[in-house]
Protein chains: 2
Amino acid sequence: MILVNGIVSDSISPLDRGLMYGDGVFRTLPVRDGAPICWPQHFVKLGADCAALKIACPSWDVLDGELKALAAQDRDCAVKIVVTRGQGARGYVVPPAQHASRILMSSPLPQYTDSLAESGVRVHLCSLRLSHQPLLAGVKHLNRLESVLARMEWDDAEIAEGLLRDGDGNVVEGTMSNLFASQGDTLYTPELSRCGVAGVQRQRIMALAPRLGLRVSEQCLSLDFLLQAEEVLLCNSLIGVWPVKALAGKTWARHDLAHKIRHMLYAEND
Amino acid sequence: MILVNGIVSDSISPLDRGLMYGDGVFRTLPVRDGAPICWPQHFVKLGADCAALKIACPSWDVLDGELKALAAQDRDCAVKIVVTRGQGARGYVVPPAQHASRILMSSPLPQYTDSLAESGVRVHLCSLRLSHQPLLAGVKHLNRLESVLARMEWDDAEIAEGLLRDGDGNVVEGTMSNLFASQGDTLYTPELSRCGVAGVQRQRIMALAPRLGLRVSEQCLSLDFLLQAEEVLLCNSLIGVWPVKALAGKTWARHDLAHKIRHMLYAEND
């Protein structure tokens, strides 16, 4: 089911700036038993990402109503919410009275086996290096060609995700997930001021980590540092938390902390 | 008039990867008196850009037929040709049998006054710095948020274009044009191996310059170098050639070479 500006539809205008320029942002979240998970947090992030691009984000009332209409039809699904700068004339210039477009789409929840969350995932080390653009860093915008090209690097069903580094060699994120590494009582995650997407689950883990007695450090992380961590884990709103069991020749056998974090995230779901 | 996969339409699927990820490429060219200008060169570039993203480009016969149908309806217009990776399921992974989407759109030719080409244009020096991504450099893909954000930097009808630098401070291009600078018998243009779009008119100028007794040098160019050039000019398929008359406090009064290059480009049009 697809809602385009509140109306059931399977079409958008080819003149939409979302298509022309990738001029928009998006969110992906699960609906379980008719309830959108972490929707308030996703709405806050959607608003922040719209603000970064100076797009007027649709209101809570509008999006909440449409999301709930979708969730009522499709009680267990993945919902993607896209907000674009709307339809425009040819050329980059943004007309003064511009109306955002909103597109809400439901699709089947991905059928990840439980073993991925229990026993961990194999991760490909991508050769593509993320570019530095501070004005877009952190934002989940529609310019996702780097993720598309990175995802083309492997075609092996045993590999669940790819790890991305930047041009300086620092690790940043997965193609569709954020990244944490633990060492002692500290949970490390890459700082995302120059590239990467700062996802909602990353934010939640950072906020909730003290409950597990962990301090959080957001900083540049080298690949060597990551490979020497006690545990490495990936997160996003659909996978929850996946421990990493293999990356770049290194393997991890214990995933106790990843399991604790995963259970904490589920327990705290709205 | 809009043709989507050969059919007159004002809609595309919201599931098109062009919208989801900016996963596609485009061209813009003028149609004058029913004839698409430099269309063979644009087709070659479209194919090269599709290849960079591993998209199967539609054939010459298909695109040429659709372009000529558009040009027959609208004998003086700007045509935008968009090729995307086509419709897909949620997620970055590219299904094995993927069919590209093609969208051809006509819009009115921009009404640039002759004085821009004759007396030159004022150019804003953008503060946004283009990011380095060698895998996408040169390609006119649909991830154009940097151009959108750069174009937001000014709102002054007297300023016709913005000049973009990269993170190293080298000048690269305009938000919608390529850049040349002349010094003695040499025409300099930024090398585009890490960022920027290598446009068709830039390629034509580089190929034709020897006819004017000019050698061409494609290299890193600093802003200082640009500001000390004898002439600076911008090009794209809709503007042709614009001399720069003012940029970053520097002004240029003579535009003889820009005029020669502009006339040469028009004379050689297919």
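In the predicted model, strand β3 (residues 24-32) of chain A is joined to β4(A) by two bridges, and the two strands run antiparallel. Within this pairing, A:V31 lies opposite A:P36 of β4(A). Both strands belong to an open sheet of six strands in chain A, which follows the order β2-β1-β6-β5-β3-β4 with antiparallel pairing. The sheet is bounded by the edge strands β2 (7-8) and β4 (35-36) of chain A, each of which pairs on one side only. Helix α2 (residues 39-52) of chain A lies across β3, β4 and β5 (77-84) of chain A, and runs at about 175° to β3(A).

In chain B, helix α8 (residues 256-267) comprises twelve residues. The distance from the first C-alpha of α8(B) to its last is 17 Å, close to the 16 Å expected at 1.5 Å a residue. The buried residues of this helix are B:L257, B:A258, B:H259, B:I261, B:R262, B:M264 and B:L265. Their cover includes the helices α4 (114-119) and α6 (200-208) of chain B, together with the strands β10 (178-183), β11 (186-190), β14 (231-236) and β15 (240-247) of chain B.

The interface between the two chains brings 54 residues of chain B into contact with 54 residues of chain A. About 4,300 Å² is buried between chain B and chain A, with 71% of this area on carbon and sulfur atoms. Of the area that chain B buries against chain A, 19% is supplied by B:R90, B:Y92 and B:L145, more than by any other three residues. Zero salt bridges are found across the interface of chain B and chain A.

How values were computed:
Residues are numbered from 1 along each chain as its sequence is written. Chains are lettered from A and ligands numbered from 1 in the order in which they are written. This is a predicted model: local features need pLDDT of at least 70, side-chain atom pairs count only at pLDDT 80 or more; totals for chains, interfaces and linings use all residues. Side-chain values use heavy atoms; hydrogens and water are left out. Helices (H or I, at least four residues) and strands (E, at least two) are DSSP runs, numbered from the N terminus. The expected span of a helix is 1.5 Å times one less than its number of residues. Buried means under 20% relative accessible area, exposed over 50%, partly exposed in between (1.4 Å probe, protein chains only). Contact means heavy atoms within 4.5 Å. Two strands pair if DSSP finds at least two bridges between them. Axes are lines fitted to C-alpha atoms, for helices over the stretch in contact, and angles run from 0 to 180 degrees between N-to-C directions. Buried area is the accessible area (1.4 Å probe) that two parts lose on being put together, summed over both. A salt bridge is a side-chain nitrogen of Lys or Arg within 4 Å of a carboxyl oxygen of Asp or Glu.
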